[in-house]
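User: Please take a close look at one part of this model and describe how its helices pack together.

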Amino acid sequence: MYIAPVGVVNACGPKAAYDEAILFASGHQISYGLEAAGVMACCVAKAFEPGVSVEDIVSTALRYAKDGTKRAIQELCDTALALRPQRDDRDEVVARFHAVLAKYSPMGDDVNRSIDRVGIPSNYYTPSRLFSIEERRWRSRTLCCTKGIS
């Protein structure tokens, strides 16, 4: 995500990174897109603190995340912990992560806009306090890696 450098320039300052990322991304994001940017940047900033652990970064994400984003992160972390004994079963891990993510993503993996959808009511690209995940596949892979599941 292009917002990670905002976390870098705010190294060790998660709150400042969160706030700046929201401002920076508001030129082309809304709602949970902004929230994702803020949480990503604050986690990157937290990662620069000496002695920080993955658990510290997750706690930071949960401290700043709101609404659907917070619920999605919590549920994914709970799922990752439950899946530790199955870390070698990549298909099962990915399937379980996608099942969790589906609850927070009105678009699923259907992320391409097309003229055929113009005027059709949907939750795609609309502000929401319930939804969270925009980049399902990327986040699944990232969470697998950060939780030691490969």
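Analyst: In this predicted model, helix α3 (residues 31-47) and helix α4 (residues 54-64) pack with their axes 9 Å apart and at an angle of about 145°, and the crossing that they form is right-handed. On the α3 side the contact is made by E35, V39, C42, C43, K46 and A47, which meet D56, I57, T60, A61 and Y64 of α4. Sorted by class, this contact of α3 with α4 has 7 nonpolar residues, 1 polar residue and 3 charged residues.

Helix α3 also packs against α2, again at an angle of about 145°, here with the axes 7 Å apart, and α2 passes α3 in a right-handed crossing. From α2, the residues P14, A17, Y18, A21, I22 and A25 take part, and they meet L34, E35, A37, G38, V39, A41, C42, A45 and K46 in α3. The residues of this contact of α2 with α3 divide into 12 nonpolar, 1 polar and 2 charged. Read side by side, the two lists of contacts place E35, V39, C42 and K46 of α3 against both α2 and α4.

Helix α2 itself (residues 14-25) has 12 residues, which at 1.5 Å a residue should span 16 Å, and this agrees with its end C-alpha atoms, which are 16 Å apart. Its buried residues are P14, A17, Y18, A21 and A25. Seen down the axis of α2, these buried residues fall within an arc of 100°, so they line one face of the helix. What covers them includes α1 (4-9), α3 and α4, and each of P14, A17, Y18, A21 and A25 also appears in the contact with α3.

Just before this helix, N10 lies in the loop between α1 and α2. The relative accessibility of N10 is 14%, and because the cut-off for a buried residue is under 20%, N10 counts as buried. Leaving aside residues up to four places away in sequence, N10 touches A16, A17, E20 and A45; of these, A17 and A45 also belong to the contact between α2 and α3.

As for the setting of this part, the protein has 7 helices and 0 strands, and along the sequence it follows the pattern α-α-α-α-α-α-α. Buried residues make up 40% of its 150 residues. Among contacts between residues at least 6 apart in sequence, 64% join residues at least 24 apart.

Technical notes: Residues are numbered from 1 along each chain as its sequence is written. This is a predicted model: local features need pLDDT of at least 70, side-chain atom pairs count only at pLDDT 80 or more; totals for chains, interfaces and linings use all residues. Side-chain values use heavy atoms; hydrogens and water are left out. Axes are lines fitted to C-alpha atoms, for helices over the stretch in contact, and angles run from 0 to 180 degrees between N-to-C directions. Helices (H or I, at least four residues) and strands (E, at least two) are DSSP runs, numbered from the N terminus. A crossing is left-handed if the near helix is turned anticlockwise from the far one by less than a right angle, and right-handed if clockwise. Contact means heavy atoms within 4.5 Å. Ala, Val, Leu, Ile, Met, Phe, Trp, Tyr, Cys and Pro count as nonpolar, Asp, Glu, Lys and Arg as charged, and the others, Gly among them, as polar. The expected span of a helix is 1.5 Å times one less than its number of residues. Buried means under 20% relative accessible area, exposed over 50%, partly exposed in between (1.4 Å probe, protein chains only). The arc is that of the directions from the helix axis to the C-beta atoms.
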